[in-house]
Amino acid sequence: MHLQSWNRFVLRAFAVAPSLLGATHTWQMDGAAIELRLPSAEKIERDRTVDDPVGRLSSWQVGGNPLEYNIYQVDVRVFVDEHVQLPPELLTRNPNACDLIPQAQQDQLEAVAVRHRAMAAKAYEYWTSVIRWVCDDYRIGRPDLVGNESGWSTYLCERSSDAPVWVASTDIIITGLHRVGAEVWQRQSEQKKRRADPC
């Protein structure tokens, strides 16, 4: 059986134009073919009510046309020439059918999965570093830094009754994202090719 792998990674601070939903970037890295895919419009629509969506419509134009989608998760596939002798019945069963796979092959599959996970993680980090550079936005793919503020203002209260007499004004900071369109997506692909082939 020839194997490929699939991994999903969390992506932060990344927004795309609707035309890029379902788009892919493909490249070669460390002897493997890599494919990074953005979620499709159908997948985002299906995930509308789940707690951990792959993306969300974040803004729209007058008339209700989508303008921008925030992307929260991307899929990375790794294609390496991995061949493992496995019984064909596995394709009709749930994953990890241990009753059909001897322990030695289970260990082999686990080692292949670990190797693929490391390759996918390296590819994801590479892709986010290039997209940060192309977009000139350091936040893409990086964890959010969250302070300890609750959002409540400072209340001044009369001591004996604890009755509020003044609520301080507060600043609300809303950060926007750099929306990636087709031109930036294409530049990202070209930049990866230049890095892979310096001549």
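User: What makes up 34% of the 199 residues in the protein chain?

Analyst: Buried residues do. A residue is called buried when its relative accessible area is under 20%; exposed means over 50%, and partly exposed lies in between, with a 1.4 Å probe and protein chains only as cover. The model is predicted, with local features needing pLDDT of at least 70 and side-chain atom pairs pLDDT 80 or more, while totals for chains, interfaces and linings use all residues. Residues are numbered from 1 along each chain as its sequence is written, and side-chain values use heavy atoms, leaving out hydrogens and water.

User: What is the accessible surface of the protein chain, and what share belongs to carbon and sulfur atoms?

Analyst: The total is about 13300 Å², and carbon and sulfur atoms account for 52% of it. The areas come from the Shrake-Rupley method with a 1.4 Å probe.

User: How many helices and strands are there in the protein chain?

Analyst: The chain has three helices and ten strands. These are DSSP runs, numbered from the N terminus: H or I over at least four residues for a helix, E over at least two for a strand. Along the sequence they follow the pattern β-β-β-β-α-β-β-β-α-β-β-β-α.

User: Why are β4 and β7 called paired?

Analyst: Two strands pair if DSSP finds at least two bridges between them. Strand β4 (residues 32-37) and strand β7 (residues 73-83) have five bridges and run antiparallel, so the condition is met. One partnership in this pair is E35 with R77.

User: What makes β1 and β3 edge strands?

Analyst: The open sheet has four strands in the order β1-β7-β4-β3, paired antiparallel. Strands β1 (2-10) and β3 (24-29) each pair on one side only, which places them at the edges. From one strand to the next, the twist averages 20°, taken between axes fitted to C-alpha atoms, with angles from 0 to 180 degrees between N-to-C directions.

User: Why does β2 count as paired with β6?

Analyst: Strand β2 (residues 15-16) has two bridges to β6, antiparallel, and therefore meets the minimum for a pair. The partner of A15 in β6 is N70. R56 also stands opposite N70. Strand β5 (residues 55-60) is joined to β6 by five bridges, again antiparallel. The hairpin of β5 and β6 has five residues between the strands, and G63 there takes a positive phi near 100°. These strands belong to an open sheet of mixed pairing, in the order β5-β6-β2-β10.

User: What span is expected for helix α2 at 1.5 Å a residue?

Analyst: The expected span is 1.5 Å times one less than the number of residues. Helix α2 (residues 103-135) has 33 residues, which gives 48 Å; its first and last C-alpha atoms are 47 Å apart, close to that value. D136 follows α2 with a positive phi, near 55°.

User: Which residues touch the most other members of the largest nonpolar core?

Analyst: F14, V16, L38 and I71 do, in a core of 34 residues. A nonpolar core is a set of buried Ala, Val, Leu, Ile, Met, Phe, Trp, Tyr and Cys residues joined through side-chain atoms within 4.5 Å. Helix α2 supplies the largest share, ten residues. Not counting residues up to four places away in sequence, L38 touches several residues, including F14, V16, I71 and W185. A second, separate core of five residues includes V84, L86, L90 and I101.

User: What share of contacts between residues at least 6 apart in sequence join residues at least 24 apart?

Analyst: That share is 66%. Contact means heavy atoms within 4.5 Å.
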